[in-house]
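Here are my notes after a look through the model you sent. I've kept them to the packing inside the protein and a couple of side chains worth a click.

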Amino acid sequence: MKKIILATDFSKAALNAANYAADMSLAINAEILLLHAYQVKFSYSDIPVAMNEEEMRQDIERAMKQLKEDLWRKTKNKIDIKTEVRTGVFIDELKAVCELVKPYAVIIGSQGKTASERFWFGSHAVQVMKNLRWPLIAVPTGAQFSTPKKIGLAWDLNEVPVIAQVEEIKKIVNDFNTELHIINTGKPGVYDPDTVVESMKLEKLMKPVIPVYHFIADKNTDEGIIRFAEKNNLDLLIVMPKHHSFFDTLTHKSHTKQLVFRSYCPVMVLN
């Protein structure tokens, strides 16, 4: 059975992602694992640390139980929901759980106004998006799940495709019976003949899926992709850091980073 991991910090952004995960699980008949990882701050006295950790653990367990009950009510008890609380570094614990669960996707909230909500797109989340080998979906605040009718794939056609990623994309397209729109960008006024050759190779790999190809010219590649997603009402945008610079700039202040944070469209990262 398919499994979805919902990584949560109980913020509004994470709650919205939880609702998205619940609706998605109903659509594909998947289980949900609610995951929270926290670190304990050490002090010079062992007793206060133990007491603080115990209180923290109890608070987290109560929040997990409440979230689980809320999602059960939302889905009318139609999905199996499990919870797991871990002590340790978020990225390390998430990777460890993924290796055990082998999820269909990991879902996190991608936006928020408070400091805790912005954590998800802080340095830790950026590292997860760059390095997690399982499909990761970042859900913007306010985005609601509906069965995708259009999925966009930002792909640099000059790069050699990775078969595992192609198979993952085909699986998603088939599971949702959706259109696949492949977005390739270039500089305005520059023609690259290799693009035609590579698109033919990709078309062969994608069979029996028949993608729709779009070639857009924009001085800023990432902004061009975001504008395309909004203009064409994409339900999900797939990016691959290994093949595209889309997330390379996330560790720096940039217009791209702000556009991604404000994007209405959920983004799936495939490493």
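1. One thing up front: this is a predicted model, so please read every value below as computed from predicted coordinates.

2. Start with the largest nonpolar core, which has 46 residues. The residues with the most contacts inside that core are Met-24, Ile-107, Ile-137, Leu-153, Trp-155, Ile-169 and Leu-180. Helix α1 (residues 12-28) supplies the largest share of this core, seven residues. Apart from it lies another core, of 31 residues; Trp-134, Ile-183, Ile-216 and Phe-228 are among them.

3. Ile-137 is a good residue to centre your view on. Leaving aside neighbours within four places in sequence, Ile-137 is in contact with Tyr-20 and Met-24, with the run Ala-105, Val-106, Ile-107 and Ile-108, and with Leu-236, Pro-266, Val-267 and Met-268.

4. Is there any empty space inside? Rolling a probe the size of a water molecule over the atoms shows where empty space is left. Searching the whole structure turns up two cavities of 30 Å³ or more, and the largest cavity holds about 40 Å³ of space.

5. What lines the largest cavity? The lining is made of Tyr-20, Met-24, Ile-137, Phe-145, Pro-148, Ile-172, Phe-176, Leu-236 and Met-268. By type, that lining splits into nine nonpolar residues, no polar and no charged. The elements giving two or more residues to the lining are α1 and α6 (163-176).

6. Now Thr-178, which lies in the loop between α6 and β7 (179-186). Is Thr-178 buried or exposed? Its relative accessible area is 11%, below the 20% cut-off, so Thr-178 counts as buried. A polar atom of the Thr-178 side chain lies 3.1 Å from the backbone oxygen of Pro-148, and Pro-148 also appears in the lining of the largest cavity. Not counting neighbours within four places in sequence, Thr-178 is in contact with Pro-148, Lys-149, Lys-150, Ile-151 and Val-173.

7. Last, have a look at His-36, which sits in strand β2 (residues 30-38). His-36 counts as buried because its relative accessibility is 11%, under the 20% limit. A polar atom of the His-36 side chain lies 2.8 Å from the backbone oxygen of Thr-8. Residues up to four places away in sequence aside, His-36 touches Thr-8, Asp-9 and Phe-10, then Ile-60 and Met-64, and finally Glu-84, Val-85 and Arg-86.

Notes. Residues numbered from 1 in each chain as written. Predicted model: local features only at pLDDT ≥ 70, side-chain atom pairs only at ≥ 80, totals over all residues. Heavy atoms only, no water. Helix = DSSP H or I, 4+ residues; strand = E, 2+ residues; numbered from the N terminus. Buried < 20%, exposed > 50% of the residue type's maximum accessible area, 1.4 Å probe, protein only. Polar contact = N/O pair within 3.5 Å; in protein donor to acceptor, adjacent residues only side chain to side chain. Contact = heavy atoms within 4.5 Å. Core = buried A, V, L, I, M, F, W, Y, C linked by side-chain atoms within 4.5 Å. 1 Å grid on protein atoms, 1.4 Å probe; cavity = no way out; pocket = protein on both sides within 12 Å on 5 of 7 lines; lining within 4 Å. Points joined across faces, edges and corners; volume = space filled by probe spheres on them. Nonpolar A, V, L, I, M, F, W, Y, C, P; charged D, E, K, R; others polar.
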